[in-house]
Structures are given as C-alpha cells and as structure tokens.
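Colleague: I'm new to this, so please show me the model and then take me slowly through one part of it.

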Amino acid sequence: MTPHLHTSQQAHAIADISTALADRGLDLDLLATRMRTVSPESDATGEIVGPPWGADDVSALNMNLVPTRYGGCPALQSLVAQATLMAFLGEADASLALALPGPGLAMPPVVALASTQQQARFFQRFQSGAPLWGAFAITEPDYGSDATAMRTRARKTGRGWVLNGTKCFITNGARADCVITFATINSQMGRYGIRAFLVDCNTPGFTVSRIERMAGLRATQLAALSYADCELTDDALLARGDEKPLDDAFSGAQRSWDYFRPLLSAVMVGACRRVRADLVAWLDAGGTPADRHRSVASVEASLLDIDRQIAAAWLLCHCTAWKADRGAATSMDSSMTKAFASRMAARVTRAAMDLAGIDGITAFPSLEQAYRDAKAFDIMEGTGDLQRLMIARAAQRSTSRPWDITASPAGCPAQPDSPPDVDNAHRSGQETSHDT
Ligand SMILES: Cc1cc2nc3c(=O)[nH]c(=O)nc-3n(C[C@H](O)[C@H](O)[C@H](O)COP(=O)(O)OP(=O)(O)OC[C@H]3O[C@@H](n4cnc5c(N)ncnc54)[C@H](O)[C@@H]3O)c2cc1C
C-alpha cells in the first residue's frame, strides 16, 4: 500500500469491511496477498490461478453483492463500502478483482426487475460452499454501444419462452452458473421490446461458444454465448408483477451500469495505486528513468501528477457512490466517474511506462499489465466516448448545473451516516442505453 494515498478514513473503512468479512470466514488481507502472488500467472493464462481464495472464503465471496434480506453482509450494502472494497482488491489485481465469485453484474437487474420470489430464488443459489458466478449479457456482435438495437430474440410459447441469438464480451461468461440475458420480443419496439431473462447455464441450447483472447483484464474471461432454441420456463422472465403495459426491462440494464461504473472506477483507482507503489519501489531500488536526462524534479512532478489524478478519481468515485447510497445519484454521475477514471488510468499507466522504460517494466511487469488493463477499462460498461456523449447530452438537457457533482441534498461528507441496503440504492437511473 502507499500510505500517503490512503487517508486514515479509507484505512478505517477497509478495516471495518475486513472485520465484517472475517466474521463470515473470509480473510481479506490474505485474499489480497494471494491475488498479488497469482497475478502474473493469471495474466499470462487468463485463468484464475490458485485460486487465490481458500475454502473458508468462498461463501463470503459468493454472498458479496447479495442484499441483507437474502443473507448478504450488512457492512457491504452501501455503494461506498463496495467501492472501498473494490479499490482495495483492484490494488492487488484488477482483473482478479472482477473475476471473484458472486452475482456480479447480474445483481442490479434482478433487484430492479424481479419479483420477491424470483429474487429469493436467485440470491439463495449463492448460499453455497462452491464458487458461483452470475453474469450479465446484453452486448451482441453487431450491437455494443447501441444496445437497444439488439437482435437476440425471445419468443413466447405455450410452455414459456425460447431464446435465439448470440451475446459477446460477457464478463465471467465462461464460468457463470446463470446469466441475466437481455433479448427482444420485437426488434421494432426498440428498448420497449427488451426483456430480461434468468438463464441457467445448464439449459439445453445455451453454450459458451468462445473465450476471447484479451489484451487486458484477461482473468475476467470474456465469453461469447450462444442461445439456440434455448427453452425457458415462464418464470425465467424477470417481472416484478407491477409493470406498466409497456414494459421497460432496459432500465434494469441501466441500473447495472449506474451501479457498476463507480465500482469499476474504484478498481481503476486501486490498480493505479499499485502502479504508483511499484513505480516508487523501483525508483527507490535505484531504477533510473528511461529518459536518463530527466531531472529529479521532473520525475517528482510526474509522481505528483499521478497522485493528483488518482486522488481526483477516488473523490469522484466516492462522491457518486455516496450520492447513490442516498438515491441522489444520476446516470450522469456514474458516467462522469467512469469517463474520468478510465482516462486517469490510461494517463497514469502511460506515464508509469514512460518513466520506467524497459528496465522498470522488466523489474515490475505489473506496470505493463496495468497499461493493458486500462485499455479494457475504457471499453467495458460503455466506452469512454459514449460516456462523454451521455454527459454532453445530459448537460444540454439540463437547466441546472449538471457538472456540479457536489450538488446533493446534504452535501457530500466522507462517510455515509447509515449504509442503506444494496436493494434500496440506485433508484435514480435515468438514461436508457450506452447510447441514449
Ligand atoms: C473488459 C470488458 C468487459 C465487458 N463485459 C461485458 C459484460 O459483462 N456484459 C456485456 O453485455 N457486455 C460487456 N462488455 C461489452 C462492452 O459493453 C462493449 O464492448 C461496449 O459497449 C462497446 O461495444 P462494442 O464493442 O460493440 O463497440 P462499438 O459500439 O462498435 O464501438 C466501437 C467504437 O466506436 C465508438 N462509438 C460507438 N458509437 C458511438 C457514438 N454514437 N458516438 C461516438 N463514438 C461511438 C466507441 O466509443 C468505440 O470506440 C465488456 C467489454 C469489455 C472490453
């Protein structure tokens, strides 16, 4: 860790989380240490090497992101707590942090769109001693940013539903046990034709057709998923039961993006803290900058810029998470956070590579890995271009000052007073697509 980049408040926050997880059998420090150890091999193979968790850790990992009423850890219900945790794990290894077991991206649409019984069934499956993964499938080979134009088709039958289509770039898709899959009942209806289905990965017709060869975030094993006459029961359709005639499952996808963009940003913050720490460790060990004419003052200026960038990204991330925990965050807050954090990650990792040069990268391969990971960060959860487009559109629409991220009912203190449940947060999603 780099103590000067971790405020004592953050240290307390992670200590509290660590204690709460220890009560559930998970040793957080040991997990992070093991993630660091297996990081190079996981990056080389795209596998979760080890695995870095022990048998006792599994149930707490599975239950991360599960609401309290279904057995989730109360200390991890707020988005601020989740962001703090993800920054900590991202510092150990960004890719593995995103590849840990649990419902993952599938959680927000289930909370937003499913009935109480469906939620109970979905979250109960994670009460297991074996590692389980959820996944979220919306992107298709021809429709990524423009997700509302998806072609995966859901057809109603007498017995339930039949899905046909292909999804791609699905995080943890190859190891998932269940996938929240978005499909259209009528492509002419745009976002209003979209429905969300819980697809068990044992369902006949569902196959993992490919695992991508990735430049970065390799352990997340992005997969292409194929649905060929995939028969589902009626109950697979996520439906609260109080929907308006014109159903809008796409808002469930938006909830996922609103929720995970700050978390992804926190992972980036953690990854860049690690880059900064490794860079300093290399310089302290006598490493000389790639450009041998650089003055000490110029190297210090670069480090200062790195610190400034990381601190700003964390503040934005924390502020958005804090607002979200109070139902005051908008999709734009999440977009601004992610757009800033992914540019920050690109800039910091590039600066570190330039400074360290081939000698530094040889001594600390993590610097080069972080550079590749930063590229993937910019694309997942909506590309940086699309985030900027959404921010600009929201700014044009708004008569207030949309860029004033501190605007919240009660300002933005460093810590939440009382963490709300995961399922009560993030009610304020307003956008409708990666490309609205
Ligand atoms: C690491 C990673 C994890 C992912 N995980 C998941 C997942 O779990 N589930 C899932 O469903 N998807 C996932 N994705 C897919 C991701 O959401 C899409 O890759 C992303 O939305 C971009 O879509 P695309 O790849 O089709 O690119 P395209 O939409 O084809 O975009 C190509 C380029 O054009 C630009 N562009 C597109 N439209 C516009 C526009 N209107 N204005 C300006 N520029 C534009 C983009 O910024 C980009 O640079 C993941 C992707 C990555 C890299």
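Modeller: What follows is a close look at helix 7, and then at the strands and the ligand site.

Keep in mind that this is a predicted model: local features need pLDDT of at least 70, side-chain atom pairs count only at pLDDT 80 or more, and totals for chains, interfaces and linings use all residues. Residues are numbered from 1 along each chain as its sequence is written.

Let's get our bearings. The chain has 12 helices and seven strands. These are DSSP runs (H or I over at least four residues for helices, E over at least two for strands), numbered from the N terminus. Of the 436 residues in the chain, 52% are buried. Buried means that 20 or more other C-beta atoms, placed from the backbone, lie within 10 Å of the residue's own; with 12 or fewer the residue is exposed, and in between it is partly exposed.

Now for helix 7, which covers residues 116–124. Its buried residues are Gln119, Phe122 and Phe123. Look down the helix axis and you'll find these buried residues within an arc of 90°, so they line one face of helix 7. That arc is taken over the directions from the helix axis to the C-beta atoms. There's a handy rule behind this: an α-helix has 3.6 residues a turn, so residues three or four places apart point the same way. Gln117 and Gln124 are exposed on the other side of helix 7.

What sits over the buried face? Among the elements covering the buried residues of helix 7 are helix 6 (107–113) and strand 5 (194–200). Covering is about contact here, with C-beta atoms, placed from the backbone, within 7 Å of each other.

Strand 5 is mostly covered too, as six of its seven residues are buried. Strand 5 pairs with strand 4 (residues 178–184) in the antiparallel sense, over seven bridges. Pairing needs at least two DSSP bridges between the strands. One of the matches is Cys178 with Asp200 of strand 5.

Further pairing involves strand 3. Strand 2 (residues 153–156) runs antiparallel to strand 3, with four bridges between them, and Arg155 faces Val162 of strand 3. Strands 2 and 3 make a hairpin, with three residues between them. Strand 3 is also joined by eight bridges to strand 7 (residues 223–233), again antiparallel; there, Gly160 stands opposite Thr233.

Strand 3 also takes us to the ligand. The ligand has 23 residues around it, and Gly144, Ser145, Met380, Thr383 and Asp385 come nearest. To be near, a residue needs its C-beta atom, placed from the backbone, within 6 Å. Elements giving two or more residues to this shell are strand 1 (134–137), strand 3 (160–170), helix 11 (366–379) and helix 12 (384–397). Helix 12 gives the most, with three residues. By type, the shell has 13 nonpolar, eight polar and two charged residues. Here Ala, Val, Leu, Ile, Met, Phe, Trp, Tyr, Cys and Pro count as nonpolar, Asp, Glu, Lys and Arg as charged, and the others, Gly among them, as polar.

One last view takes in the chain again. Among its contacts between residues at least 6 apart in sequence, 81% join residues at least 24 apart.

Conventions:
Contact = placed C-beta atoms within 7 Å.
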